[in-house]
Every structure is written in C-alpha cells, then in structure tokens.
Amino acid sequence: MIYAHVGDETLIIKPENNSSAEALIELLKRGDIAVAMHDYGGFEKVGSLGASIPTNDERITTEPGDLILYQGNQITIYYDTNTWSFTRLGKVQGMTTEQICEVLGDGDPTVVFSLNKTPTDSSAVGVFNYDTLTVLLNSGYEMPILGLGTYALDHDTCVSSVMALLENGGRLIDTAYMYGNEEAVGEGVRRGMEEYGIPREEIFVITKIYPNQFSDPEAAIDMALNKLDIGYIDMMLLHHPGTNDVKAYQAMEKYVEQGKIRSLGLSNWYVEELTEFLPQVTITPALVQNEIHPYYQEQDVVPFIQEKGIVVQCWYPLGGRGYTADLLGNETIKAIAEAHGVSSAQVILRWDLQRGIVVIPGSSNPDHIRENLDLFGFELTDDEMAKIGELDRGEKHDWY
C-alpha cells in the first residue's frame with residue numbers, strides 16, 4: 001500500500017499493477033515524498049512529484065479517490081470525475097468522496113506520500129528535527145538547518161571555510177553566481193568529501209542565478225553545474241525578482257525533472273512578490289531566503305511563507321557587514337548571552353532556529369564557523385525570545 005499523510009489524517013492507496021506505480025514505489029523506497037498540492041478545477045488536488053516516472057497513459061474517466069500521474073511528473077488526487085489521457089497510479093481505499101474531501105480540505109495541503117503507515121517524526125514538512133539537525137522540504141529532501149554563507153569570500157578563503165565547516169560537522173553551504181566563488185565551493189566540497197570521508201548525499205549546496213541571467217536560464221544553470229562540479233545541485237534559487245523570473249524558474253523545473261537540481265527556491269521574495277509569482281509556476285518553492293536579523297525580523301512575512309509549507313532561511317543573520325558589531329553589542333542580546341554563557345552571535349542564531357528559520361552565517365574564521373555550529377547546548381526562554389522580538393526596527397541593511 002501507499003500512504004498519503006495529510007496532517008494527522010492518512011489516505012490508504014492501493015497501487016495499480018503497472019510500471020508507473022512500480023516506479024513510484026521505487027521512489028518511495030528512498031524516502032517519503034512531500035508534495036505541495038493545490039486545488040484545480042474543483043475536482044482534484046495536484047502538485048509536482050519532484051521527479052519524472054514512466055507513464056502508461058490511456059483515456060480514462062477518473063473516479064473520486066483516484067491517484068493519477070499527469071505529464072510524468074504531476075501527481076493528483078481526485079475527488080470528482082474528469083476525462084483525459086492519464087496514468088492511474090492507484091485508488092484510495094475505504095473512504096467516501098466526502099471523507100476524501102474532508103481529509104484534503106479546502107486549501108493547499110502538503111501531502112506526504114510514504115510506504116509507512118505513519119510518517120516518521122521528520123515527515124512534517126518545515127518542522128525542524130533536532131536529532132538530525134535537518135528540516136524536511138516540500139520537495140521531499142532533507143536540508144540541514146544551519147550552515148555557511150560564502151558571500152564575499154575569495155577563492156582560497158572560500159575553499160578553507162567550506163572545509164572548516166565540513167570538518168566541524170556542518171553540511172549546508174550557500175553560494176551564488178554573483179558571489180564569484182561557485183568553483184571554490186565545489187573544490188571545498190570535493191576536498192572535504194575526500195579528506196573527511198563525507199558522502200556527497202550528506203552535503204547540501206545552494207546556489208543562485210541572477211536576474212541578468214534570466215533571459216538564458218539554461219546557460220546559467222549549466223554554468224553553475226559545471227563550476228560546482230559536484231554531480232548535482234541540491235537547491236537552486238532565483239537571486240531576486242526580475243524580468244523573465246518566471247521563465248527562469250520554469251527552466252529550473254525542467255532540470256529538476258532531469259535530476260540535475262533537486263529542490264528549487266527564491267531569494268528576496270516577500271508577500272506581494274510571492275502572491276503574484278506562485279500561481280505561475282508548477283513546483284512550489286521549497287525555500288525562501290531573505291534578510292532577517294533582530295533589527296529586521298519580517299514578523300509578518302515569515303509566517304506567511306511558512307504557512308505555505310515553504311521553509312524560510314535568513315541571510316545577514318548577524319546584521320551584515322558594517323552592522324554586525326552594533327548588533328552583537330546590543331545590551332539585550334549581550335545580557336541573554338551572559339545568562340547562558342554563550343556569545344551574542346550564538347544567541348541570535350539560536351533565536352532564528354527557534355523561529356523555524358534556517359541560518360547560514362558567513363565567516364572566514366574557523367573558530368567562528370565552529371562557534372556558529374554550536375547552538376544546541378542551550379535554549380532561549382519565551383521571555384528571552386520576546387525581548388529579542390522587541391528589538392525589531394524594520395531596519396533593512398541591503399537593498400534586495
């Protein structure tokens with residue numbers, strides 16, 4: 001059986017006897033797949049599977065409870081009828097149409113497809129797993145909840161910083177075309193894998209393409225793949241909104257189908273931009289990466305994003321260049337740090353984590369990189385979280 005977990009409810013699906021259903025089961029043997037689904041036409045929930053599997057299309061009329069494959073990479077659950085050329089993957093067992101509708105709800109659910117009757121503890125999309133220090137993305141992949149930002153690091157420094165991160169247990173690295181150091185990140189990853197015996201699958205690399213690349217996104221994606229030279233890209237983001245951003249994202253979707261990119265996301269997208277952008281793409285972003293720090297907290301934006309099953313990640317978590325000293329010297333933050341016997345930086349990064357925000361502080365100092373990973377020997381109280389929340393000035397430190 002295949003199990004479709006929606007919140008606390010589960011749909012039990014009997015697979016069809018065809019190669020498409022077999023391919024889906026093979027995918028699920030690797031791990032649960034979280035699909036961000038949305039209502040379409042008043043008769044189905046649909047979302048991207050995040051991979052392509054073989055089709056066995058035939059013209060059929062769907063029935064309520066049918067699990068359908070469309071175009072090789074779209075998975076749908078029907079609660080009404082529709083006639084089209086589809087591949088039936090299976091059928092929900094033991095539920096009426098009304099019960100299926102009640103489980104799926106009126107909104108846009110995240111459905112976790114699994115071979116397990118109950119999802120594992122980490123199967124709640126967007127919920128931090130402090131045992132593994134990862135978060136389950138809506139793409140079905142696990143991403144570390146803390147890592148390293150490489151903005152402004154030159155080649156040699158970047159290689160050394162990536163290796164320092166990997167040596168000290170960090171596994172998440174963020175780069176971008178505009179940082180000019182994708183080759184250095186790739187070199188650091190390859191050397192770290194070899195010297196520390198780290199499997200590629202444990203390392204999560206994010207890169208971004210810039211708006212001046214959006215007109216020819218395929219060339220930009222191929223360039224990133226070649227520069228990194230690590231087999232595949234764990235996540236690719238659009239660096240910020242710009243002309244042809246939908247076109248660029250749709251190109252990235254094709255690379256997901258080919259297995260060259262695993263997850264997609266956006267950087268510097270806010271409520272208005274997301275509201276306009278999301279209906280135009282097929283694969284729901286797994287991540288939105290924005291400037292967030294105690295002086296710029298995005299208290300309205302963060303929950304808006306998280307409620308859509310999208311993980312939030314912050315850049316400039318320590319305020320950014322030219323502002324870090326002032327933020328780390330804030331009296332409220334210093335007092336909390338002293339109470340826990342940790343640094344101001346550790347307090348700020350822990351505050352982010354407790355808001356459900358992934359952190360990627362930049363550093364070229366191995367001691368700081370090690371310190372930035374050491375966030376789990378203390379926990380901020382509700383009162384301390386509230387005190388930091390009161391520091392919000394709406395003070396953005398970069399133009400994005």
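Start at the hairpin of β1 and β2: select Gly7, which takes a positive phi near 60° in a turn with 2 residues between the strands. Bear in mind as you go that this is a predicted model.

**Stop 1: the strands around β1**

Now select residues 2-6, which make up strand β1. On one side you will find Ile2, Ala4 and Val6, and on the other Tyr3 and His5. Are these two faces covered or open? Both are covered, and the five side-by-side residues just named are all buried. In a regular strand, side chains alternate between the two faces of the sheet.

Add residues 9-15 to your selection to bring in β2, which runs antiparallel to β1 and is joined to it by 5 bridges. Then add residues 110-114 for β10, also antiparallel to β1, with 3 bridges between them. Tyr3 is a handy landmark here: it stands opposite Ile12 in β2, and it also stands opposite Ser114 in β10.

**Stop 2: a loop residue with an unusual backbone angle**

Select Gln71 next, in the loop between β7 (66-70) and β8 (74-78). Its phi is near 60°, a positive value in a residue other than glycine. Is Gln71 buried or exposed? Its relative accessible area is 58%, so Gln71 counts as exposed.

**Stop 3: Ser48 and the largest cavity**

Move to Ser48, which is found in strand β5 (residues 44-48). Ser48 is buried, with a relative accessible area of 11%. Show its surroundings: leaving aside residues up to four places away in sequence, Ser48 touches Val35, Ala36, Asn73, Gln74, Thr282 and Ile283.

Keep Ser48 selected and add Asn138, Ser139, Ile283 and Thr284. Of the 16 residues that line the largest cavity, these five, Ser48 included, are the closest to its centre. About 130 Å³ of space lies in this cavity. Two strands to colour are β3 (33-36) and β18 (261-267), as each supplies at least two residues of the lining. What kinds of residue make up the lining of the largest cavity? By class, there are 8 nonpolar, 7 polar and 1 charged residues.

**Stop 4: the parallel sheet**

Zoom out to the open sheet of 8 strands, which pair in parallel in the order β14-β15-β16-β17-β18-β19-β20-β21. Why is one side of β14 (148-149) and of β21 (357-359) left without a neighbour in the sheet? These two strands stand at the edges, and each has a single partner strand, so nothing in the sheet pairs with the other side.

Select residues 233-238 to pick out β17. All 6 of the 6 residues in this strand are buried, so β17 is largely enclosed by the rest of the structure. Beside it runs β16 (residues 204-209), parallel to β17 and joined to it by 4 bridges. To line the two up, find Thr207, which stands opposite Met236 in β17.

Just ahead of β17, click on Asp229, in the loop that connects α5 (217-228) to that strand. Asp229 has a positive phi of about 55° although it is not a glycine. With 46% relative accessibility, Asp229 counts as partly exposed.

**Stop 5: the sheet edges and their helices**

Go to the β21 edge and select residues 311-315, which form β20. Strands β20 and β21 run parallel and are joined by 3 bridges. Cys314 stands opposite Val359 in β21. Add residues 344-354 to see helix α11 packing on the sheet, where it touches β20 and β21. The direction of α11 makes about 145° with that of β21.

At the β14 edge, select residues 155-167. This is helix α3, which lies across β14 and β15 (172-174) and runs at about 160° to β15.

**Stop 6: the second cavity**

A search of the whole structure finds 2 cavities of 30 Å³ or more, and the second largest has a volume of about 30 Å³. To frame it, select Gly147, Leu148, Leu165, Pro361, Ser363, Ile369, Asn372 and Leu373, which line it. Which helix gives the largest share of this lining? Colour residues 366-373: that is helix α12, with 3 lining residues. By class, the second lining has 5 nonpolar, 3 polar and no charged residues.

Conventions
Residues numbered from 1 in each chain as written. Predicted model: local features only at pLDDT ≥ 70, side-chain atom pairs only at ≥ 80, totals over all residues. Heavy atoms only, no water. 1 Å grid on protein atoms, 1.4 Å probe; cavity = no way out; pocket = protein on both sides within 12 Å on 5 of 7 lines; lining within 4 Å. Points joined across faces, edges and corners; volume = space filled by probe spheres on them. Nonpolar A, V, L, I, M, F, W, Y, C, P; charged D, E, K, R; others polar. Buried < 20%, exposed > 50% of the residue type's maximum accessible area, 1.4 Å probe, protein only. Pairing = 2+ DSSP bridges. Contact = heavy atoms within 4.5 Å. Axes fitted to C-alpha atoms, helices over the stretch in contact; angles between N-to-C directions.
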